[in-house]
Each structure stands twice: as structure tokens, then as C-alpha cells.
Amino acid sequence: MTQQIPSTEPELTGVRNFRDVGGLPTVDGRRVRHGVLFRSGHLAHATEEDAAFLSSLGLHTVFDFRNAADHRLDGRDIELPGVRNVNLPLSDPADGAEFWRMVRDGDLDQLRAILADSKGAERMIASYRATVTQRTFEHSRMLISLAEESLPALMHCAAGKDRAGLSVAVTLLALGVERDAIFDDYLKSSAAHRRYKVRRSSTSASAYSPEVMELLDPLFDARAEYLSAALETIEETWGGVDPYLEQALGFTPGHRERLRERMLD
């Protein structure tokens, strides 16, 4: 299969937030190779044209970080011929089920109760911190798989922002990518054309009023404070990236060198 490396972001109809992570600089002067790591929102609504483009990338593995509740809401990924799909849920479908039901179904007063006064942003920060400490098995499996066999790879969750965003960040930390570049890539998910479309049960104008959308914004935005909280948790819990990779993820210096050989120019 001929691999197509996009020089610009493709116009995908049913897949949001797609991009090639290639080109990011490392602290030792190298760069992430183009065409080896991609990120996006879910692939469940990909059109035939989207699927043809994705198939042209020569993917080995698609990492889907969604859980069963996400699959019920949006559907499972389309199948790409010859591509392995690995589902590594980074959240429990029962975790916050009532909260997310309220996000979809709640009226303005209910949304104010769960999201106003910075409660939405605080919830996101807590989620990032918990993912770092509670999902070490999944991130270990992901990184070791990348080092051994799974490239080129596409990582996604529902929006391609939080679970995928954090997983991409962990991968970039292992590669030694500059922190500013990691944040720059993460924050691209806030662009209007990349953001997950908010879905609420009611189609009335009041369900999407300016106040409702402002209350929901922290949940669907990529904010530096969220990723900062995750990186601070790594420092506080393990004392730095190196011990986090080795102690929490079992990702040895040998794994790290193989990953760098495979993913860096």
C-alpha cells in the first residue's frame, strides 16, 4: 500500500480533529517523523471518502480510547482493511454517567448546578489527573506496542481532545519532544473546525443558548491548565518523566530508544 503523507490537513467529512503529529521538535534537535503518528476524533461516522484517505496512510494500528458508553452514543469505528483496531478504554462507562446524562438532558438550572463557578473546568482537571494515575496499564500497553510493532498509528477517543490528547502527550514525552511543542499540538484541538459537536437531547433553541454553551465550554475545550495538571501529577507522583515511564509504565530505556528510532528523524 502506498503511504500518503498529508502536507496540509485533509478535509474529512465525518472525522473531526484529524492531524499528523509529525514535525514536532525534540529537546536534542530531532523531529517527530511525518506519517507515523496521527490523531483524531472517532471514526464511527467516516464517509467512504474519509475511509479511502485513512486507508492511504498505511496505518498498522488504530488506538481507540473510548469506552462502551461512547460506542453506544457514537457507534464503533468503521473497519479499515488490514488495520488492527485496539480498544484501550481510558475511562469507565459508569464513571460520571449521571453527570454526562445531565450534560445531554439537563435544563439550564441543572447545568448551572454542575458546571457554574468553575466546576466544569475543575472536573476536567480532576479527570486528567486521574487518567495519569489510574490508567498506567493502558498507557504502558500503548507505548510498548508503538515501540515494537504498531506504527504508523492513529490515536483517537470521541473528540480526539482529552483521552487521545493525553495519550499523544505521553508518547511525545517519551520521545523527548519539547514541552512547548507538546502544548501547542494539544491546544490545536480548540480550533472551531476541530471541536467535537455538542449533542443535546433537545433540539430547541434554549438547549443551545449562549449561556448553555458557555457552561458546556470547559468540557469541550482544550485548555493548557488541563494538560498542565496531568504533567504536574507525573512530577508529584513519580518525580519526573523518566521514573514515570520506567516505574509506572514499565517502559524501559531500551523501549524508549526503539521508539525514538522508529518515530524520529
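This passage describes the fold of a predicted protein model, moving from the whole chain to its sheet, its helices and some individual residues.

The predicted model contains twelve helices and five strands. Of the 265 residues in the protein, 53% are buried, and the accessible surface amounts to about 11900 Å², with 49% of that area belonging to carbon and sulfur atoms. When contacts between residues at least 6 apart in sequence are considered, 76% of them join residues that are at least 24 apart.

The five strands are assembled into an open sheet with mixed pairing, in which the order is β1-β2-β5-β3-β4. Strands β1 (19–20) and β4 (84–87) stand at the edges of this sheet, and each has a single partner strand, so one side of each is left without a neighbour in the sheet. In the order of the sheet, β5 stands between β2 and β3. The pairing of β2 with β5 is parallel and extends over four bridges, with Leu37 having Ala153 as its bridge partner in β5. The pairing of β3 with β5 is likewise parallel and also comprises four bridges, and here the bridge partner of Thr61 in β5 is again Ala153. Ala153 is thus the bridge partner of Leu37 and of Thr61. Strand β3, which spans residues 61–64, is also joined to β4 by four bridges, the two strands running parallel, and within this pair Thr61 stands opposite Arg84 of β4.

Strand β5 is covered on both of its faces, since Ala153 and Met155 on one side and Leu154 and His156 on the other are all buried. In a regular strand the side chains alternate between the two faces of the sheet. Helix α7, formed by residues 163–175, lies across β2 (37–40) and β5 (153–156), and its direction makes an angle of about 135° with β5. Ahead of β5, in the loop that connects α6 to this strand, is Pro152, which is joined to Leu151 by a cis peptide bond with an omega of about -5°.

Helix α12 (residues 253–263) has four buried residues, namely His255, Leu259, Arg260 and Met263. Around the helix axis they cover an arc of only 135°, which puts them on the same side of α12. An α-helix has 3.6 residues a turn, so residues three or four places apart point the same way. The face turned away from this buried side carries Pro253 and Glu261, both of which are exposed. Through its buried residues, α12 packs against β2, α6 (136–148) and α7.

The packing between α12 and α6 can be followed at Ala147, a residue of helix α6. Ala147 is buried, with a relative accessible area of 3%. Apart from its neighbours within four places in sequence, Ala147 is in contact with Phe251, His255, Arg258, Leu259 and Arg262, and among these His255 and Leu259 belong to the buried residues of α12. The C-alpha atom of Ala147 is separated by 8.1 Å from that of Arg260, although the two residues are 113 apart along the chain.

Several residues in the loops between helices were also examined. Asp117, in the loop between α4 (108–115) and α5 (119–134), has a positive phi of about 55° although it is not a glycine, and with a relative accessibility of 68% Asp117 counts as exposed. Ser118 is found in the loop between α4 and α5 as well, and its phi, near 70°, is again positive in a residue other than glycine. At a relative accessibility of 48%, however, Ser118 counts as partly exposed, the cut-off for an exposed residue being over 50%. In the loop between α9 (210–220) and α10 (224–238) lies Asp221, which is buried with a relative accessible area of 13%. The side chain of Asp221 is joined to that of Arg223 by a polar contact of 3.1 Å.

How values were computed: Residues numbered from 1 in each chain as written. Predicted model: local features only at pLDDT ≥ 70, side-chain atom pairs only at ≥ 80, totals over all residues. Heavy atoms only, no water. Buried < 20%, exposed > 50% of the residue type's maximum accessible area, 1.4 Å probe, protein only. Contact = heavy atoms within 4.5 Å. Areas by Shrake-Rupley, 256 points an atom, 1.4 Å probe, with all protein chains shown as cover. Pairing = 2+ DSSP bridges. Axes fitted to C-alpha atoms, helices over the stretch in contact; angles between N-to-C directions. Arc of directions from axis to C-beta. Polar contact = N/O pair within 3.5 Å; in protein donor to acceptor, adjacent residues only side chain to side chain.
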